[in-house]
Amino acid sequence: MLAPPWLESLLSASFFTVCPTHSDTPRSECNMFCLDCNKDAFCIYCRSSRHQDHSVIQIRRSSYHDVVRVSEIQKVLDISGVQTYVINSARVLFLNERPQLKAPTGKAVSHLCKICGRSLLDPYRFCSLGCKLEGVKRNGDAIKKEEEEEEEEEEEGGSYEGSQREIVQDTPPSPPRHTNSRRRKGIPQRAPLGS
Ligand SMILES: [Zn+2]
Ligand SMILES: [Zn+2]
Ligand SMILES: [Zn+2]
């Protein structure tokens, strides 16, 4: 499996709804997601009562969009290639792609999300986790957190220094040789199929 089973639930869950169990408490908004239970979002009271020893990540909001802190998500997911932002002095990334108000102008936009085409600030490949998951599905890259693999990029080619070739033009051009390319003598007539 390329993506952990909880990822799609996380991306499709709705957060910041009022917890039905704890609606009479001040902090009852559901902004937690449990990777072990892999179910709906829940509130901080649910967490302490039902998910105490589970892997829980907290969802935050930025301009009405769900974000997660890089420090939390990178422990469980390979987030390479996803655009991150610093919001309230914490580095975060968006869960899902955001609807774009403006169509990309095409000028001076050098980095675009591979999936939704949103312009990115830096040479990232995806605007959000959702777009990365989509890219994973299309290309088969893994998004699961794995042991770090050191990949050494082999540099090919190199310098041409010291390999200056002398072009010798003295030799007389060799007499034109008959090309050995086989010429087909016309196209063989195919016997008509059938009758
Ligand atoms: Zn609750
Ligand atoms: Zn749980
Ligand atoms: Zn995107």
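Let's start with strand β2, which covers residues 56–62 and pairs with β3 in the antiparallel sense, over four bridges. Keep in mind as you look around that this is a predicted model. Where the two strands meet, Ser62 stands opposite His65 in β3. Together β2 and β3 make a hairpin, with two residues between them. Look into that turn and you'll find Ser63, which has a positive phi of about 45°.

Now stay on β3 and look for its other partner. Strand β5 also runs antiparallel to β3, and three bridges join the pair. One place to see this is Val67, whose bridge partner in β5 is Phe94.

While you're on β5, pick out Arg91, which sits in that strand. Is Arg91 buried or exposed? It falls in between: Arg91 is partly exposed, because 13 other C-beta atoms lie within 10 Å, and a residue needs 20 or more to count as buried, or 12 or fewer to count as exposed. Which residues does Arg91 touch, once its neighbours within four places in sequence are left aside? Its contacts are Arg69, Val70, Thr84 and Val86. Take Val70 from that list: it is 21 residues away from Arg91 along the chain, yet the C-alpha atoms of the two are separated by 5.7 Å.

Time to step back and take in the whole chain. The protein has four helices and five strands. Reading from the N terminus on, the order of elements is α-β-α-β-β-α-β-β-α. As for contacts with a separation of 6 or more, 44% of them involve residues 24 or more positions apart. Buried residues make up 19% of the 195 residues in the protein.

So much for the overview; next comes the inside. The largest nonpolar core has 29 residues, and the members that touch the most others are Met32, Val68 and Leu93. Which elements give two or more residues to this core? They are α1 (6–12), β1 (32–34), β3 (65–69), β5 (90–94) and α4 (129–139). You've already met β3 and β5 as antiparallel partners, and here they turn up again as contributors to the core.

Finally, zoom in on Met32. Setting aside residues up to four places away in sequence, Met32 touches Ala41, Phe42, Cys43, Ile44 and Arg47, and also Val56 and Gln58.

Key: Residues are numbered from 1 along each chain as its sequence is written. Chains are lettered from A and ligands numbered from 1 in the order in which they are written. This is a predicted model: local features need pLDDT of at least 70, side-chain atom pairs count only at pLDDT 80 or more; totals for chains, interfaces and linings use all residues. A nonpolar core is a set of buried Ala, Val, Leu, Ile, Met, Phe, Trp, Tyr and Cys residues joined through C-beta atoms within 7 Å. Two residues are in contact if their C-beta atoms, placed from the backbone, lie within 7 Å. Two strands pair if DSSP finds at least two bridges between them.
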